[in-house]
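Load the model in your viewer and keep the selection panel open. The tour below goes stop by stop, naming what to select and what is there.

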Amino acid sequence: MPIVIGAKPQSSFADPIGLMTDCHRRIERFLSVLVQVCAQAAGGPLTAEQRAAMDTALRYFREAAPKHTADEEQSLFPRLRSLDRPVVKAILARVDELEAQHGDAGLSHAEVDRLGQTWLAAGSLPDADAARLAALLSGLAELYRHHIAMEESQVFPVAAAELDTREREAMGGEMAARRALR
Ligand SMILES: [Fe+2]
Ligand SMILES: [Fe+2]
C-alpha cells in the first residue's frame, strides 16, 4: 500500500481557526504514516519509501507540529481565557484539559522521535523497542482522536463565534510570524 504524505491547499491566515483545523488533518496523516511504517516493517529493515516516509513524518512532528501547539497555547487559549462571556467560560475547563494533553503528547513524541531516529540510523530496532514504538503510536492515535474531536466540536466553534475580526487577524499574524512568513 502506498504511503501518502501529500498536502492539500490550506486555509489562509485570515482564517486562523480554519488553518488550525488543516493542521489537525496533517497531524492525523503523518501519525498514520508512522503507524503504517511500523506495522509494515515491524522493527526490521526499511524500504527506501518507508525510510523517506518515516523521516518526513518524524520531522513534521519535530518541527511543524510544535508550532500548532504554540498557535493554540499562545494565540488561541489566552484569548479565550480573557473573554468574560458565559459561553466561553463554559469551555475553559476543556481548554485546561487540552493544554495538559499537549504536555502528554509532547513526551510521547519525544520518545517516538528517539526510537524512530535510532531505527533510521541502525537500520532496524530490537523487538522491545519496536513494541514500545508501536504502543506509543497507538497511544498517540487514541489521544489525538479525543483531543482533536474536543477542539473541533467544542472549542473551535466557540472561538470562531466569539473572537472578533481584530482578534482573529491578530491570531493569523502571530501564526504567520511563528512560521516566519512575515
Ligand atoms: Fe491541541
Ligand atoms: Fe489542535
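Where in α2 is there a kink, and on which residue is it centred? Select helix α2, residues 48–81, and look at F61: the kink is centred there and amounts to about 40 degrees. This is a predicted model, and what follows should be read as such.

**Stop 1: the length of α2**

Stay on α2 and place a distance between its end C-alpha atoms. They are 47 Å apart, and at 1.5 Å a residue the 34 residues of the helix should span 50 Å, so the two values agree. The bend of about 40 degrees at F61 lies within this helix.

**Stop 2: the whole chain**

Zoom out and colour by secondary structure. The protein has 6 helices and 0 strands, so the order of elements from the N terminus on reads α-α-α-α-α-α. The C-alpha trace spans about 55 × 30 × 25 Å along its principal axes. Of the 182 residues, 43% count as buried. Turn on a surface: the accessible area comes to about 9000 Å², and carbon and sulfur atoms hold 57% of that. Among the contacts with a separation of 6 or more, 77% are between residues 24 or more positions apart.

**Stop 3: the iron ion, ligand 2**

Select ligand 2, an iron ion, and show the side chains that coordinate it. Its protein donors are H24 (NE2), H68 (NE2), E72 (OE) and E151 (OE), at 2.0 to 2.1 Å. Along the sequence these residues follow the spacing H-x43-H-x3-E-x78-E. Two of them come from distant parts of the chain: H24 is in helix α1 (residues 16–41) and E151 is in helix α5 (residues 127–162), 127 residues apart. H24 is buried, with a relative accessible area of 1%, and E151 is buried as well, at 0%.

What is the geometry of this site? The angles among the 4 donor atoms run from 82 to 171 degrees, and the site is irregular. A tetrahedral assignment would need all angles between 85 and 135 degrees, so that range rules it out.

**Stop 4: the iron ion, ligand 1**

Now select ligand 1, also an iron ion. E72 (OE), H102 (NE2), H147 (NE2) and E151 (OE) are its protein donors, lying 2.0 to 2.2 Å away. The sequence spacing of these donors is E-x29-H-x44-H-x3-E. With angles of 83 to 170 degrees among its 4 donor atoms, this site is irregular.

Put both ions on screen together. Which residue bridges them, and how far apart do they lie? E72 is the bridge, and the ions are 3.1 Å apart. E151 appears among the donors of ligand 2 and among the donors of ligand 1.

Next, select H147 and E151 in helix α5. They are 4 residues apart, so about one helical turn separates them. Both are buried.

**Stop 5: along α5**

In the same helix, find A135. Its relative accessibility is 46%, so it counts as partly exposed. A distance drawn from the C-alpha of A135 to that of V155, 20 residues along the chain, comes to 29 Å.

**Stop 6: α1 and the loop after it**

Select α1. Its 26 residues should span 38 Å at 1.5 Å a residue, and its end C-alpha atoms are 38 Å apart, which agrees. This helix is mostly covered, with 19 of its 26 residues buried.

Step just past α1 to A42, in the loop between α1 and α2. Is A42 buried or exposed? A42 is exposed, at a relative accessible area of 53%. Check its backbone too: phi is positive, about 50 degrees, although A42 is not a glycine. Most residues other than glycine have a negative phi.

**Stop 7: α6**

Finish at helix α6, residues 165–178. The 14 residues reach 20 Å from first C-alpha to last, close to the 20 Å expected at 1.5 Å a residue. Select M171, G172, G173, M175 and A176, which are the buried residues of this helix. Then display α1 and α2, which are included in what covers them. After α6 comes A180, whose phi is positive, near 55 degrees.

Notes
Residues numbered from 1 in each chain as written. Chains lettered and ligands numbered in written order. Predicted model: local features only at pLDDT ≥ 70, side-chain atom pairs only at ≥ 80, totals over all residues. Heavy atoms only, no water. Donors = N, O, S within 2.8 Å, 3.2 Å for Na, K, Ca; no water. Tetrahedral: all angles 85-135°; square planar, octahedral: opposite > 155°, others 65-115°. Helix = DSSP H or I, 4+ residues; strand = E, 2+ residues; numbered from the N terminus. Buried < 20%, exposed > 50% of the residue type's maximum accessible area, 1.4 Å probe, protein only. Expected span 1.5 Å × (residues − 1). Bend = angle between axes of the 7 residues up to and from the residue. Contact = heavy atoms within 4.5 Å. Areas by Shrake-Rupley, 256 points an atom, 1.4 Å probe, with all protein chains shown as cover.
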